[in-house]
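Student: Could you take me through one part of this model in detail, namely its pockets, and then relate them to the surrounding architecture?

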Amino acid sequence: MFWLKTRIIEGEGSLKALSKEVRGYERVLILSSSSMKRHGFLSEAEDYVREAGAEVFSITGLPAEPSVETVEELLPKLREEFQPDLLVALGGGSVIDTAKALKVFYDAPELNFEEIAFIDRFSKPKPVPKLKTPLIAIPSTSGAGSEVSAASVLKKGDAKYNIVSPEIAPEVAILDPRLPRTMPREVARNSGLDVLVHGIEAYTTKAANPFSDAMAIKAIKTVYKWLPLSVKGDEEARAKVHYAATMAGIAFLNARLGLAHAMSHKAAWIGPHGLLNAIFIPYVMEFNAERSEYARKRYAEIARELGFKTTKDLIEVVRELNEMLGVPRLRDLVDEETFMAKLDEMAEKAYRDGLIAFNPVEPKPEEIRELYLKAFHGE
Ligand SMILES: NC(=O)c1ccc[n+]([C@@H]2O[C@H](COP(=O)([O-])OP(=O)(O)OC[C@H]3O[C@@H](n4cnc5c(N)ncnc54)[C@H](OP(=O)(O)O)[C@@H]3O)[C@@H](O)[C@H]2O)c1
Ligand SMILES: [Fe+2]
């Protein structure tokens with residue numbers, strides 16, 4: 001099965017479509033991070049909302065890699081002060097994920113994070129009920145794919161957990177390439193590498209289908225060709241990778257993700273999401289390819305799409321791309337003592353992550369531990 005809930009509006013200057021999209025709503029709340037205010041996109045968006053005759057409220061300065069606490073702090077403002085009938089998320093995956101979680105607890109105040117999040121794949125969370133407040137997502141990074149996905153990823157303590165429901169997939173996504181053009185180099189790199197990992201993992205899960213494959217392959221090819229230029233700031237490349245990010249989001253909305261994401265979610269305390277995925281993916285590909293013929297076949301198909309031949313070639317290509325873009329080793333991000341102290345707990349939590357069920361191979365906790373170690377030492 002293939003599905004997509006979100007209506008996608010794309011193109012240079014498409015932010016102005018907000019004006020039409022908010023028509024009929026009365027109280028619109030825009031959630032954003034600091035850069036959106038700094039670069040003038042927040043005030044532009046506010047103007048479009050006012051033009052449509054709605055009242056506009058804004059919260060800016062939302063943090064990267066949000067936590068359950070981020071959401072809890074904001075909720076009273078929504079409930080008591082703003083009482084919006086429409087939410088607009090203007091920012092990266094972090095802002096969009098925050099908006100999705102806010103939507104859940106604003107519309108269904110009886111719920112709490114622990115009962116609806118996928119904390120452990122061996123126990124089933126409560127389903128999210130029907131929610132009423134619509135969400136428009138306007139991504140400012142080219143990465144997470146949260147503008148079309150059914151997931152909100154939040155930190156609780158050191159690890160990240162997902163809320164997954166069609167109810168939180170945004171109603172509308174506006175893809176205006178002007179926004180990601182202001183990304184600093186590292187944000188462009190980290191979020192762009194997340195797109196590559198979304199494509200590779202979505203193409204190789206047990207849930208992949210021909211339609212998710214088409215989106216995954218197009219996203220992978222685009223990132224491979226354009227990400228180095230995009231990181232340098234090339235305007236055309238920024239637009240290409242921006243659309244690729246949403247395509248990869250559509251791929252994993254359907255095909256889900258695998259072990260690299262399970263590992264990065266449980267290592268969230270170490271660094272930014274896309275960077276961790278980029279570090280883990282070559283090790284995960286080796287691990288899967290050694291144990292699964294299906295994985296080998298699928299990686300080789302990706303290799304051929306990029307003009308190479310084998311799984312080994314693909315792993316090499318990914319390693320070279322990481323190197324070219326200056327992706328650090330894990331041991332450059334965290335000291336050995338801290339890492340070793342957390343290793344067993346991380347491996348156990350990653351083993352319990354819901355995404356393991358979609359990975360082509362089911363790893364044992366001790367195998368995940370080995371993979372974390374290999375990635376740490378850069379072997
Ligand atoms: N829901 C899903 O399906 C899904 C999938 C994958 C990942 N994720 C999650 O998404 C998050 C990562 O999202 P992301 O990679 O999009 O990055 P992000 O964490 O949203 O953004 C990183 C930083 O980039 C800055 N930034 C964003 N857009 C900018 C722009 N246009 N110009 C200048 N600076 C800009 C922001 O800084 P300022 O504070 O200065 O604005 C922000 O702190 C993680 O928490 C990850 O777990 C979710
Ligand atoms: Fe991701």
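Tutor: In this predicted model, the second largest pocket is lined by 15 residues, and those lying nearest its centre are Tyr283, Arg319, Asn322, Val327 and Arg329. Two elements, H11 and helix H13 (311-324), each give two or more residues to that lining, and H13 supplies the largest share, namely five residues. By residue class, the lining of the second largest pocket divides into eight nonpolar, two polar and five charged residues, and the volume of this pocket is about 300 Å³.

The largest pocket has a volume of about 1000 Å³. Its lining comprises 49 residues, of which Glu65, Gly92, Gly93, Ser94 and Ala144 are the closest to the centre. Domain 1 (7-175) and domain 2 (184-377) both contribute residues to this lining, and the largest pocket therefore lies between them. Several elements each supply at least two lining residues, among them helix H2 (34-38), helix H5 (93-107), strand S6 (151-156) and strand S7 (159-164), together with helix H7 (185-204), helix H9 (235-255), helix H10 (259-266) and helix H11 (273-291). Within this set H7 gives the most, with five residues. H11 thus appears in both descriptions, since it supplies at least two residues to the lining of the largest pocket and two or more to that of the second largest pocket. The lining of the largest pocket consists of 22 nonpolar, 21 polar and six charged residues.

Turning to the surrounding architecture, an unreviewed UniProt entry annotates residues 6-177 as "domain: Alcohol dehydrogenase iron-type/glycerol dehydrogenase GldA". In the model, the end C-alpha atoms of that span lie 18 Å apart, and the span is 31% helix and 24% strand.

There is also an open sheet, formed by six strands in the order S1-S8-S5-S4-S2-S3 with parallel pairing. Strand S1 (7-10) and strand S3 (55-59) are its edge strands, each pairing on one side only, and the twist from one strand to the next averages 20°. Inside that order, strand S5 (residues 135-139) and strand S8 (residues 172-175) run parallel and are joined by two bridges; alanine 137 has alanine 173, in S8, as its bridge partner.

Note on methods: Residues numbered from 1 in each chain as written. Chains lettered and ligands numbered in written order. Predicted model: local features only at pLDDT ≥ 70, side-chain atom pairs only at ≥ 80, totals over all residues. Heavy atoms only, no water. 1 Å grid on protein atoms, 1.4 Å probe; cavity = no way out; pocket = protein on both sides within 12 Å on 5 of 7 lines; lining within 4 Å. Points joined across faces, edges and corners; volume = space filled by probe spheres on them. Helix = DSSP H or I, 4+ residues; strand = E, 2+ residues; numbered from the N terminus. Nonpolar A, V, L, I, M, F, W, Y, C, P; charged D, E, K, R; others polar. Domains from an automatic or database assignment. UniProt positions renumbered as here; feature names shortened; annotations may be inferred. Pairing = 2+ DSSP bridges. Axes fitted to C-alpha atoms, helices over the stretch in contact; angles between N-to-C directions.
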